[in-house]
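Subject: Structure handover

Hello,

The structure we discussed is below. Please look it over before reading the notes that come after it.

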Amino acid sequence: MFDTVLIANRGEIALRILRACRTLGLRTVAVHSEADAGLRHVALADQRLCIGPAPAAKSYLDPARLILAAQLTGAQAIHPGYGFLSENARFAQAVSDAGLVFIGPRAESIRRMGDKISAKRAMLASGVPCVPGSDGALPVDAAAARLVAEAVGYPLIIKAAAGGGGRGMRVVRAAQELDAAAALTREEALRAFGSADVYVERYLEHPRHVEIQVLADSHGHAVWLGERDCSMQRRHQKLIEESPAPGIPREAIAALGERCASACREIGYVGAGTFEFLYQDGQFFFIEMNTRLQVEHPVTELVTGIDIVVEQLRIAQGQALSFTQDEVQPRGHAIECRINAEHPWRFTPSPGTVTRWMPPAGPGVRVESHLVADYTVPPHYDSLIAKLVVVGGTRNEALARMRVALDEMEVEGVQTTTPLQRELMDDAAFVEGGADIHHLERWLAARGEGRKAA
Amino acid sequence: MIEAADLQRLVQRLQAENVTSFDCEGPQGLLLRLRFAPPGAADPPGAIDERLQAAMQPANGAAAVLKSPAMGQLCSEHPLGAWPPAEPGQAVTAGQVVAFLRLGELVLPVTSDRDAAIAARIAADGALVGYGDALFELN
């Protein structure tokens, strides 16, 4: 169908997409901002085009520039990667209206799942369990809101309907805090996401973050590719992910996975996607669906042997899935560390020039990075500079490989989160497995106290 | 980056106030540092320091590059044919149209950012150029 793909992203994921395109013999067009002219994937692409200055608003976030660039270069398809416009329904629609292929789900699916309230409704209708919460948006009227909140029960969490990815949320522990919290969250939501609609859910005190990876083609087939445990988070940002989720019965995961695949078929979902859940006391609760490729997709690739990006491209070309659910046989255990150019304890961004880069390697070690010698990490974009992913026959083997790889890795010139992740690989709770989503923040707080006392 | 004309105005203003030292930090870590001779010495207020004047213009023989204001297909002539193309050797003034960019149905003018002479064409006529790509060498 299409033979040329425009990569509408940057950094490590743009390189990932380029590699997948090349394995399929597809021509690649790398569009980039002025600050990214030296990126590795730009050097490797068949054609490159600078589309604007460094600020994302005038480059990677500008739908018109991206579509125009596709038309100027003859690209017939656009891969949005993750972040930027990957979950922007209007962009997906504009791409389609321009006669191009958007490598991802239809705009309608993105819209439906982007609105967290409608996503929950769709999931409930498909029999996917959700966090108990308000049916629809929280009423603006304070008295009505209080009634809804009481029915849901405290503690609860107020979430922006147009939010997601950990943004636009506030915990409310008692009824007297509700009015102020709702008002504040609405204001923030309006400013950040353009909609003041909020909804409420029970706040779970010690849940784990467990997500299901799905793939669906345009012929009605949908499969689930196992789960990922992404509980090691700081301020809702994932730092470490793994598959499978330690200690969760396989039958429970299989039942959940099948529900997600079934939901995909029902809503006519096409492409790669991830259903995110909270898992507590043996129960799963749907929180949101990401209608795009995710940062941590290599974790699933390493245990299943499936190339998710290649599958995205094939699905976008109208091909049927090349394998059935029975052929998905996860083996072993994979762990990923997101290496960010940040201070390991303060998390302040650390842009600058990487004076030394020695990635680790060896059996079961995979590095996804755009870093090259003398690369300057720009201040305009997110701080992810590499993903270190390992796979082993068992979780212990994966942990051992990760420790060795983190010790071996050298990055000089910028600060990275590596020292933190290396310490976590020896943390008793993490090593045991099953830590909840608050563990890392508690661990950091305790560590901070310990340092002050020392 | 600060425009030469703006720098000129800034220097004149500072000299008029008898400022001897001026430091300014701009975006992306750019630092502008100006040092002036003490009042009563050298030039009267309003005059531009010769060294500064020289620094604002490229050294003799060194060429400046005119960069593309956007991505698009470079056209030396206007698609409707109503504008004569700029040729190497030709003198142009700041703001003068020297080429066009075609972006689908849109045609954008490419204007010179200074008074200069076109030394050479860097990007070929009809080529697809990106934002910031070098188009012309100017003297």
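The notes below cover one lysine and then the interface between two chains.

Please keep in mind that this is a predicted model.

The lysine

A:Lys238 sits in strand β11 of chain A, which spans residues 237-243. Its relative accessible area is 10%, so the residue counts as buried, the cut-off being under 20%. Two glutamates engage its side chain: there is a polar contact with the side chain of A:Glu276 at 2.9 Å, and another with the side chain of A:Glu296 at 2.8 Å. Both glutamates also appear in the list of residues in contact with A:Lys238 once neighbours within four places in sequence are set aside. That list further includes A:His209, A:Glu211, A:Cys230, A:Met232, A:Gln233, A:Gln294 and A:Arg338.

The interface of chain A and chain B

On the chain A side, 13 residues are in contact with 12 residues of chain B. The two chains bury about 930 Å² between them, and carbon and sulfur atoms give 75% of that area. Of the area that chain A buries against chain B, 46% comes from A:Cys50, A:Leu68 and A:Leu72, more than from any other three residues. The elements of chain A that give two or more residues to this side are β3 (47-52) and α3 (63-73). By type, the residues on the side of chain A that touches chain B are 7 nonpolar, 4 polar and 2 charged.

As for specific pairs across the interface, the rule finds 0 salt bridges and 1 residue pair in polar contact, with both residues at pLDDT 80 or more.

Regards

Terms used:
Residues are numbered from 1 along each chain as its sequence is written. Chains are lettered from A and ligands numbered from 1 in the order in which they are written. This is a predicted model: local features need pLDDT of at least 70, side-chain atom pairs count only at pLDDT 80 or more; totals for chains, interfaces and linings use all residues. Side-chain values use heavy atoms; hydrogens and water are left out. Helices (H or I, at least four residues) and strands (E, at least two) are DSSP runs, numbered from the N terminus. Buried means under 20% relative accessible area, exposed over 50%, partly exposed in between (1.4 Å probe, protein chains only). A polar contact is a pair of N or O atoms within 3.5 Å; within protein, one must be able to donate a hydrogen and the other to accept it, and residues adjacent in sequence count only if both atoms are side-chain atoms. Contact means heavy atoms within 4.5 Å. Buried area is the accessible area (1.4 Å probe) that two parts lose on being put together, summed over both. A salt bridge is a side-chain nitrogen of Lys or Arg within 4 Å of a carboxyl oxygen of Asp or Glu. Ala, Val, Leu, Ile, Met, Phe, Trp, Tyr, Cys and Pro count as nonpolar, Asp, Glu, Lys and Arg as charged, and the others, Gly among them, as polar.
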